[in-house]
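Trainee: I'd love to look closely at one single part here, with its charged side chains and how open they are to the outside. Could you walk me through it step by step?

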Amino acid sequence: MNLKNLAILAITVSITGTSCFHKKAEQSSVTGWNYNDSKMGGFQVSKEKEQRTGPGLVFVQGGTFTMGATQEDVMRDWNNVPRRVTVNSFYIDQTEVANIHYREYLYWLNQVFDADEYKAVREAALPDTLCWRSELAYNEPMVEYYFRHPSYNFYPVVGVTWKQAHDFCLWRSDRVNEKALIDRGYINPNSVKNLTGLGQENFNTKAYLMGEFQATPDKKARSKSNPLKNPNGTPVPR
């Protein structure tokens, strides 16, 4: 665009009173009313955002595949029926969960659930170090040192049941989400300096989303530009 055309464009904009860079408001395809417009009802529509990958995770794209034999077996052993299976996209750790990661989890439990009434909670999370014992091998050093010794910090944790692994994943999600809110200024970082004795009052993602957990707000949560809103578009103080 040369200077002459640019001047004509500027004159046209000044006459019509419109801007070429003005973004048109989104409208409902069933009513024609504008979204996010206080003059037309104020119905709030949030835009979708790409989900962030958590620390230490990699994204695995989902897809479909045929489960079962799809070709004739030379031994004539046809003992299954092929079927189409769909696997959703998911995240997976780049490496196994290490001893140091699980010890971090145990440390947090001992800090938060330190009262005698929570003794069962702390003991239920301990891995079974006796899994190393075998009648045909001498693994007593592994029983004593594998989980706690610094030399095995980044070795895979063993002796963990499915329920213990499930609880660890829930704890990990809560800590990642809590840190994300702290980094963005919605939760005061001083609230996590002393975790001793919190018990059931600790941060929980599900309770936070349902409004049952009131975290100590930080400066951004108290500002007028707080973007946290409920499904109706009403600002939610945190």
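Mentor: Happy to! Let's start with arginine 172, whose relative accessible area of 22% makes it partly exposed. Keep in mind that we are looking at a predicted model. Arginine 172 forms a salt bridge with the side chain of aspartate 93, with an N to O distance of 2.9 Å. This pair joins distant parts of the chain: arginine 172 belongs to helix H5 and aspartate 93 to strand S4 (residues 90-93), 79 residues apart. Aspartate 93 has a relative accessible area of 26%, so this residue is partly exposed too.

Now let's stay with helix H5, which covers 162-183. Lysine 163 makes a salt bridge with aspartate 167, and their closest N and O atoms are 3.1 Å apart. These two residues sit 4 residues apart in helix H5, so about one helical turn separates them. Lysine 163 is exposed because its relative accessible area is 55%, which is over the 50% cut-off. Aspartate 167, at 26%, is partly exposed.

Further along the helix, lysine 179 and aspartate 183 meet through their side chains in another salt bridge, 2.9 Å from N to O. Here again the partners are 4 residues apart in helix H5, so the spacing is about one helical turn. Both lysine 179 and aspartate 183 are exposed.

To put these pairs in context, the whole structure has 6 salt bridges.

Technical notes
Residues are numbered from 1 along each chain as its sequence is written. This is a predicted model: local features need pLDDT of at least 70, side-chain atom pairs count only at pLDDT 80 or more; totals for chains, interfaces and linings use all residues. Side-chain values use heavy atoms; hydrogens and water are left out. A salt bridge is a side-chain nitrogen of Lys or Arg within 4 Å of a carboxyl oxygen of Asp or Glu. Buried means under 20% relative accessible area, exposed over 50%, partly exposed in between (1.4 Å probe, protein chains only).
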